[in-house]
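Biologist: I would like a close look at one part of this model, starting from a single residue and working outward.

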Amino acid sequence: MVMKKERRDVKEDRIKTFIPGFDKLVPEGIPRGSSILVEGGPGSGKTILCLEVAKRMCQAGKKVLYMSFEEREDRLRGHMKSFGADPEEYEKKGLLYIKRFNALDIARSVEALLSEAKKELLIDVQPVLIPADFKPDFVLMDSLSSIASAFSGEESRFRIYMEQLFRYLESYNMTSFLIREVSSPSHVGTSFVERGEAVSFLSDGIVAIYNVFYRDAPRKRAIEVIKLRGSDVDRRLVEYTIKKGEGAAVHPDKTLKGNFVLT
Ligand SMILES: Nc1ncnc2c1ncn2[C@@H]1O[C@H](COP(=O)(O)OP(=O)(O)OP(=O)(O)O)[C@@H](O)[C@H]1O
Ligand SMILES: [Mg+2]
């Protein structure tokens, strides 16, 4: 009896994305409250993956916050609709909150807070970003790279802001996918020398998406879970597809074969 209860408790502390193929790569689930970076080059499918997570989570009755620093709300809703989802319905039900922010406003607010605060580490990111009246199960941020650019040349300020943000998400047990654009193919291998590199070690997990180039065959997309703290993950590089009417899907049964180059 006791064993059973313990096991159930452990399970309850983990969450799913509800993307069946993706969840197979993380069979134990994602520890609640973790921050996971979704990395990839331009057009690799980062936004679409996160919108797919939003769609699936809302379908399962979970609350999702999508913070965009790039595309407008109506465009994001349009992408979701093209996948057969009904974002307006989720919004009406209070399950989905899509909001576009101006990254420069964030940088300016942080600047103002920092100059007011005597101790730099005591700024409160919450009023700057997370809507006070919405407590999501899952947070999607698109993207950290846009925020980093807005802090142009102020890497230390960006770092303070990121530390606060990660701490905030953790303290409220909000699980997050945070998009980070990496200029390909620097995310293949070890050289993280990009803007906002501080976020790599702040994160609990990294998911990488790639464009796959074959010499004699059409291009493909691929995805892998690079790390997930405290979890046993399936680290294979598998196919990732984006299809009209269907959305994004991860195919754990299709590992990449042949001669290809990842970008
Ligand atoms: N409705 C759709 N049907 C089919 N393919 C689509 C659809 N929407 C997007 N795609 C494809 O998915 C690709 C990746 O889109 P996505 O916006 O997710 O990339 P991204 O990694 O977020 O790029 P960026 O770094 O520019 O933000 C698009 O370039 C397009 O080829
Ligand atoms: Mg995008």
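Which does K257 count as, buried or exposed, by relative accessibility?

Modeller: The model is predicted: local features need pLDDT of at least 70 and side-chain atom pairs pLDDT 80 or more, while totals for chains, interfaces and linings use all residues, and side-chain values use heavy atoms, without hydrogens or water. Residues are numbered from 1 along each chain as written, with chains lettered from A and ligands numbered from 1 in the order written.

K257 counts as exposed because its relative accessibility is 61% (exposed means over 50%, buried under 20%, partly exposed in between, with a 1.4 Å probe and protein chains only). The residue sits in the loop between strand 11 (247-255) and strand 12 (260-262) (strands are DSSP runs of E, at least two residues, and helices runs of H or I, at least four, numbered from the N terminus). Its C-alpha atom is 10.0 Å from that of Y214, 43 residues away along the chain.

Strand 8 (residues 205-214) contains N211. N211 has a relative accessible area of 18% and is therefore buried. Leaving aside residues up to four places away in sequence, N211 touches P42, G43, S44, K220, R221, V261, L262 and T263 (contact means heavy atoms within 4.5 Å).

G43 also leads to ligand 1: among the 15 residues around the ligand, G43, K46, T47, I48 and E181 come nearest (a residue is near if one of its heavy atoms lies within 4 Å). This shell has 4 nonpolar, 6 polar and 5 charged residues (Ala, Val, Leu, Ile, Met, Phe, Trp, Tyr, Cys and Pro are nonpolar, Asp, Glu, Lys and Arg charged, the others, including Gly, polar). Helix 3 (residues 46-59) contributes the most to the shell, 3 residues.

Oxygen atoms of ligand 1 take part in polar contacts (N or O pairs within 3.5 Å; within protein, one donates a hydrogen and the other accepts, and sequence neighbours count only through two side-chain atoms). A backbone N or O atom of G45 is 2.9 Å from such an oxygen, a polar side-chain atom of T47 is 2.8 Å away from one, and a polar backbone atom of I48 also lies 2.8 Å from one. Alone, the ligand exposes 640 Å², and the protein buries 69% of that (Shrake-Rupley areas, 1.4 Å probe; for residues, only the protein chains shown count as cover).

Strand 7 (residues 175-181) is largely enclosed by the rest of the structure, because 6 of its 7 residues are buried. Strand 7 pairs in the parallel sense with strand 3 (residues 35-40) over 6 bridges and with strand 6 (residues 138-142) over 4 (pairing needs at least two DSSP bridges). S176 of strand 7 stands opposite S35 and is also the bridge partner of V139.
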